[in-house]
Amino acid sequence: MLQNPLVLFHLTTRGAWQEAVAAGEYTTASAFIHLSTERQWPRTRTRWFGTATDLVLLVIAPDRVRGEIRYEAADGDLFPHLYGVLPVEAVVEVREL
């Protein structure tokens, strides 16, 4: 059984985050928002973002999220996925990468 982490992470571009702040929520074209644990996000960055330089790492408080977070198998691991939008108030820190 998975323990509830204190925080989860999401990688995105600086521009996408700025748009989310203006809108009050972050969303993607996918059915879910891919999240990572602290251990997983560096691997996610390497696999999906390569050498991109305009990235931010969103630090998310799961207890502030209104949608459902499901842990689902991907790449030989269980990754958290948020089904719903991410309210900007759920983001407790934005780290420039």
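Thr-44 is buried in this predicted model, because its relative accessibility is 7%, under the 20% cut-off. Thr-44 belongs to helix 2, which covers residues 41-49. Look at what surrounds Thr-44. Leaving aside residues up to four places away in sequence, Thr-44 touches Leu-11, His-34, Ser-36, Phe-49 and Phe-79. Now follow the chain back to Phe-9. Thr-44 and Phe-9 are 35 residues apart in sequence. In space, their C-alpha atoms are 10 Å apart.

Next comes strand 1, residues 8-13. Is this strand enclosed or open? Of its 6 residues, 5 are buried, so strand 1 is largely enclosed by the rest of the structure. Its pairing partner is strand 4, residues 55-60. The two strands are antiparallel and share 6 bridges. Find Thr-12 to see one such position: Thr-12 stands opposite Val-56 in strand 4. Strands of a sheet pair through backbone hydrogen bonds, either parallel or antiparallel.

Strand 4 also leads to the nonpolar interior. The largest nonpolar core has 14 residues. Which residues have the most contacts inside this core? They are Trp-17, Leu-58, Ile-60 and Leu-86. Helix 1 (14-23) and strand 4 are the elements that give two or more residues to this core. Strand 4 gives the largest share, 3 residues. In soluble globular proteins, nonpolar side chains tend to be buried together.

Take Leu-58 as a closer example. Beyond residues up to four places away in sequence, Leu-58 touches Leu-8, Phe-9, His-10, Thr-12, Trp-17, Leu-86, Val-91, Glu-93 and Val-94. There is also a second, separate core of 5 residues. Among its members are Phe-9, Leu-11, Trp-41 and Val-59.

Now turn to another sheet. It is open, with 3 strands in the order 3-6-5 and antiparallel pairing. Strand 3 (33-34) and strand 5 (68-74) are the edge strands, because each pairs on one side only. Strands 5 and 6 run antiparallel and are joined by 7 bridges. Within this pair, Tyr-71 has Pro-80 of strand 6 as its bridge partner.

Finish at the loop after strand 6. Gly-84 lies in this loop, between strand 6 (77-83) and strand 7 (86-87). Why does Gly-84 count as partly exposed? Its relative accessibility is 36%, and partly exposed residues fall between the 20% and 50% cut-offs. Gly-84 and Arg-66 are 18 residues apart along the chain. Their C-alpha atoms are separated by 7.5 Å.

How values were computed
Residues are numbered from 1 along each chain as its sequence is written. This is a predicted model: local features need pLDDT of at least 70, side-chain atom pairs count only at pLDDT 80 or more; totals for chains, interfaces and linings use all residues. Side-chain values use heavy atoms; hydrogens and water are left out. Helices (H or I, at least four residues) and strands (E, at least two) are DSSP runs, numbered from the N terminus. Buried means under 20% relative accessible area, exposed over 50%, partly exposed in between (1.4 Å probe, protein chains only). Contact means heavy atoms within 4.5 Å. A nonpolar core is a set of buried Ala, Val, Leu, Ile, Met, Phe, Trp, Tyr and Cys residues joined through side-chain atoms within 4.5 Å.
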